[in-house]
Amino acid sequence: MPNETRRGFLGLVGAATLVALSPLAARPALALSADQAQAMIQTSVDEVYTVINSGKPLPQMLAEFEVIFARYADVDVIARSALGPAARQVGAQEFAAYKTAFQGYIGRKYGKRFREFIGSKIEVQGAKAVKSFYAVNSVAYLNGRAPMQVEWHVSDKSGSVRYFNIIIEGINMLATERTEIAAMLARRKGDIAALTADLQQAG
């Protein structure tokens, strides 16, 4: 499977994960089970593929993705991970501005690729406990391409069941975004406000 294809599919599921913004919350963890983790991924996959195969205009599809993944993604975790060590130093207001810009950047960056995956599907196959979260295993079938292993990391630490990372054929979504955002931040000499401005225009 060409690396570009894997990255494109990472964009499909990763962008949807990153589009929604979940509030930061310090709530107790739920009694999450393997069945709950697997069921949540199955539901989210079903909903997103309904949109992908709907034939609707791209702007409408993106709006629907945002609604769907607002229910399933722990994007506060993803946005902080992408920002890296700087996330521990940035103020709440500045981080909120960055996170909003990050949302738009990811939507534009990967949104152009959604139509490439019309007719594809993901089969959710099972879940297993890994430390403090569940890894939900699935197989992605793309038209005319070899099947790909997709692993979703699911937790309830935010107070609800959400996924916070995806690994597709060895490509780690959190690591990929962390590398790209770090490069952008380095070009701005660590200036978060400048990074935010860049993200507002990029994609």
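1. Let's start with the helix pair: Ile181, Met184 and Leu185 of H6 are in contact (heavy atoms within 4.5 Å) with Ile192, Leu195, Asp198 and Leu199 of H7. By class, this contact has 6 nonpolar, no polar and 1 charged residues; Met, Ile and Leu count as nonpolar, Asp as charged.

2. A word on provenance: this is a predicted model, where local features need pLDDT of at least 70, side-chain atom pairs count only at pLDDT 80 or more, and totals for chains, interfaces and linings use all residues. Residues are numbered from 1 along each chain as its sequence is written, and side-chain values use heavy atoms, leaving out hydrogens and water.

3. H6 (residues 173–187) packs against H7 at an angle of about 120 degrees, the axes being 9 Å apart. Axes here are lines fitted to C-alpha atoms over the stretch in contact, with angles from 0 to 180 degrees between N-to-C directions.

4. H7 covers residues 192–201, with Ile192, Ala194, Leu195, Thr196 and Leu199 buried (under 20% relative accessible area, 1.4 Å probe, protein chains only). At its N-terminal end, Asp191 acts as the cap, with a side-chain oxygen 3.0 Å from the backbone nitrogen of Ala193.

5. Now the sheet: it is open, has 5 strands in the order S1-S2-S3-S4-S5, and pairs antiparallel (pairing takes at least two DSSP bridges). S1 (121–130) and S5 (171–172) are at the edges with a single partner strand each, so one side of each has no neighbour in the sheet.

6. S3 (residues 148–155) and S4 (residues 162–168) are joined by 6 bridges. Val150 has Ile168 in S4 as its bridge partner.

7. Finally, H2 (residues 34–52) lies across S1, S2 (133–141), S3 and S4, at about 155 degrees to S1.

Notes: Buried means under 20% relative accessible area, exposed over 50%, partly exposed in between (1.4 Å probe, protein chains only). Helices (H or I, at least four residues) and strands (E, at least two) are DSSP runs, numbered from the N terminus. A polar contact is a pair of N or O atoms within 3.5 Å; within protein, one must be able to donate a hydrogen and the other to accept it, and residues adjacent in sequence count only if both atoms are side-chain atoms.
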